[in-house]
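Visitor: I am new to this one. Could you walk me through it?

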Amino acid sequence: MVKEFNTQTELSVRLEALWAVLSKDFITVVPKVLPHIVKDVQVIEGDGGVGTILIFNFLPDVSPSYQREEITEFDESSHEIGLQVIEGGYLSQGLSYYKTTFKLSEIEEDKTLVNVKISYDHESDIEEKVTPTHHSPLYSILDV
């Protein structure tokens, strides 16, 4: 059974600037913001839209050492992006499904509301051992 974890935060950043980071620049931004976790991010396949496959390579002391994610949602008009882990990361720790969705909404000119939804499922009784936020690089950038 798929479970959900929802949270939100307000950031003092213009919506368009934050959307640019989440939708276009996060490949270069993630390693800079999370240098203690992420070594690099590479596009394996695709053009940045739905179906794009990314690999997040973690530093040697982070286990598992990588996470592949697929962009499953990408909507410029509603400022929504969804990334599903398809290999490594939580899937190596017993979860059978893990997806993070970000939806941005303008509150004021220089203030953005970020809604984050994490959906996950597991095959075994590991729920107590895994907190569904640790290996989501984009989630960590927002520090929600």
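Guide: Start with a term: buried means under 20% relative accessible area. Keep in mind that the model is predicted.

Visitor: Is strand S3 largely enclosed or open, and how many of its residues are buried?
Guide: S3 covers residues 53–58. Its two faces are both covered: Ile53, Ile55 and Asn57 lie on one side, with Leu54, Phe56 and Phe58 on the other. The strand is largely enclosed by the rest of the structure, because its buried residues number six of the six.

Visitor: Which residue of S3 is the bridge partner of Gln42?
Guide: Strand S2, residues 38–45, runs antiparallel to S3, and six bridges join them. In S3, Gln42 has as its bridge partner Ile55.

Visitor: Which residue in S4 stands opposite Asn57?
Guide: S3 also pairs with strand S4, residues 66–75. That pairing is antiparallel, with five bridges. Opposite Asn57, in S4, stands Tyr66.

Visitor: Where is Pro64, and what is the omega of the peptide bond from Ser63 to Pro64?
Guide: Pro64 sits in the loop between S3 and S4. Most peptide bonds are trans. The bond from Ser63 to Pro64 is cis, and its omega is near -5°.

Visitor: What is the phi of His79, and why is His79 called buried?
Guide: His79 lies in the loop between S4 and strand S5 (80–88). Most residues other than glycine have a negative phi. His79 has a positive phi, near 55°. His79 counts as buried because the limit is under 20% and its relative accessible area is 12%.

Definitions and conventions:
Residues numbered from 1 in each chain as written. Predicted model: local features only at pLDDT ≥ 70, side-chain atom pairs only at ≥ 80, totals over all residues. Heavy atoms only, no water. Buried < 20%, exposed > 50% of the residue type's maximum accessible area, 1.4 Å probe, protein only. Helix = DSSP H or I, 4+ residues; strand = E, 2+ residues; numbered from the N terminus. Pairing = 2+ DSSP bridges.
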